[in-house]
Structures are given as structure tokens and as C-alpha cells.
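Here are a few friendly comments to read alongside the coordinates. I have kept them short and in numbered points.

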Amino acid sequence: MRPAAVFTGLAGMAVVAGLLISAEARLGGGTGGEDTTIAEAPATDTAAEITPEATGRSAPISDADAEIIARAAQPAAPSPAPAGPVAAKPADPPRPSELAGGQAVGPAAKKPIELARPVAENAGMLSFGERRLQLAGIVPTPADRICGPASRQWPCGMMAKTALRQLLRNRSLTCDLETAEWKGMATAACRLGTQDLGTWLAENGWAEAAAGSPLDAIAEKAKQAQKGIYGDDPRRK
């Protein structure tokens with residue numbers, strides 16, 4: 001064989017091998033490019049689908065975005081009060097019944113107080129030195145009162161005063177008062193032992209009952225029986 005022929009054959013084989021390698025490389029690169037194109041196309045299509053302008057529908061939002069929008073829609077919290085001294089509400093004036101030092105403030109409660117050496121000024125009025133006390137529930141009978149018809153008049157006021165003095169006989173009384181050291185005039189229920197003096201005067205007709213007094217029925221009974229100032233002069237009996 002000729003050397004030229006051998007060289008030509010080797011050169012041809014080299015060309016064929018180069019063509020084959022080149023073709024393989026082109027085929028591999030073309031495939032990768034096509035894959036890239038195919039992979040990118042769906043992403044482009046998806047982006048077009050979720051675009052509000054391309055579809056005419058609102059784009060979906062995530063849960064985090066929805067929570068942010070909901071918080072923004074809530075009303076704003078009220079602003080805190082400005083710092084600084086707050087004017088205090090004026091206190092209501094104290095009531096008489098409110099406690100002060102553990103004791104009720106107001107009129108003192110009445111309590112039984114023993115009074116010595118009472119003097120009957122009339123049937124219903126007593127004196128203790130410069131202090132005077134009217135028996136509760138009755139209208140005192142003046143000492144100068146005159147009772148009976150013109151032909152049989154008698155000093156019923158003085159008789160009523162004498163009857164009360166004879167009952168008292170300078171003995172101590174128990175009277176319902178706020179204090180034993182009152183000034184001027186006081187009105188109270190008084191008892192000699194267990195006998196209420198106002199009741200005794202009404203029962204015996206020596207004094208009239210005050211308006212609205214619980215002694216009114218007792219005084220009316222004495223009037224019907226013509227006792228005391230409602231009857232005749234007891235000295236003639």
C-alpha cells in the first residue's frame with residue numbers, strides 16, 4: 001500500500017470522528033436549551049394567569065397578608081388620657097346620720113333619767129329649779145281654771161294641781177330625756193315607779209289629751225264618766 005493512501009485514510013477517519021463529536025455536542029446543547037425554554041414557559045404563563053389585568057379577577061392573597069389587612073381595618077384604639085393632675089370630684093357634705101368616730105352624728109337618743117324633788121306648777125307642768133318640764137301626751141290644766149256652771153263653779157285647776165302634788169309627794173321621777181342638764185322647757189314622758197304621770201292625769205280627768213295623743217281615748221273615757229275637770233266639785237261629795 002502506498003503511504004499517501006494510508007495518510008488519506010487516517011485523515012478521513014479523523015474528520016469523521018470530529019464530525020461525530022461535534023454533532024454529539026450540538027445535540028447535547030440543543031437539548032439543554034430546549035429544556036430551559038420549556039421550563040421557563042410555564043412560569044411565564046403562570047405569572048400571566050395570576051395578574052389581575054390578564055384575567056380580570058382579584059389575585060389570591062396569603063394568610064399573613066389577610067391578617068395585616070384585617071388589623072388595618074380595625075378602629076384605632078383611643079388615645080391615653082393626657083398626663084397631669086386630675087381635678088378631684090368635690091366630696092358630698094356629710095350627712096347627720098353618718099358615723100363620726102364610731103358614733104352616729106345627730107340628735108342624742110333619749111334615755112331614762114332620774115330627777116329629784118319635782119314641783120307641780122299645775123296638772124301637767126313640773127319644775128326642777130329653773131328648769132321646766134311638760135308631761136308628754138297631755139294639755140296641762142292651768143292652776144287658775146274654773147269649771148262647772150255659773151251656779152256651781154269650782155276651782156278645778158287648783159284641785160287638779162293639788163291632786164298631782166299629793167301623788168308626787170316630792171318623790172323622784174324617771175323621765176325620758178336627752179340630758180339631765182337641759183335648759184328652759186323640755187317635754188318628756190315621766191314615771192313615778194311604774195305609773196306614767198300623763199296617763200294618770202288623763203285617767204282621772206285632771207288634764208285633757210293633746211291632739212293626736214295616744215291618751216285621747218283614755219281622756220275621752222274620763223270625760224264620759226265625768227271625772228276630774230269634767231265633773232262637779234269633789235268637795236261637795
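**Notes on the core and the sheet**

1. In this predicted model, the largest nonpolar core is made up of 35 residues. Leu126, Leu133, Leu173, Leu177, Leu197 and Leu201 have the most contacts inside this core. Two or more residues each come from strand 3 (111-115), strand 5 (125-128), strand 6 (131-135), helix 4 (156-168), strand 8 (173-177), strand 9 (185-188), strand 10 (190-192) and helix 5 (197-203). Helix 4 supplies the largest share, six residues. As general background, nonpolar side chains in soluble globular proteins tend to be buried together.

2. Leucine 126 deserves a look of its own. Which residues does leucine 126 contact, leaving aside its neighbours within four places in sequence? They are Val119, Ala120, Arg131, Arg132, Leu133, Leu135, Leu164, Leu168, Leu173 and Leu197.

3. Now to the sheet. Four strands form an open sheet in the order 4-5-6-9, and their pairing is mixed. Strand 4 (119-122) and strand 9 each have a single partner strand and stand at the edges, so each has one side without a neighbour in the sheet. From one strand to the next, the twist averages 35°.

4. Strands 5 and 6 run antiparallel and are joined by four bridges. If you would like to find one residue pair by eye, serine 127 has arginine 132 in strand 6 as its bridge partner.

5. Finally, helix 4 packs on the sheet, where it touches strand 4 and strand 5. The direction of helix 4 makes about 165° with that of strand 4. This is also the helix that gives six residues to the core of point 1.

Key. Residues numbered from 1 in each chain as written. Predicted model: local features only at pLDDT ≥ 70, side-chain atom pairs only at ≥ 80, totals over all residues. Heavy atoms only, no water. Core = buried A, V, L, I, M, F, W, Y, C linked by side-chain atoms within 4.5 Å. Buried < 20%, exposed > 50% of the residue type's maximum accessible area, 1.4 Å probe, protein only. Contact = heavy atoms within 4.5 Å. Pairing = 2+ DSSP bridges. Axes fitted to C-alpha atoms, helices over the stretch in contact; angles between N-to-C directions.
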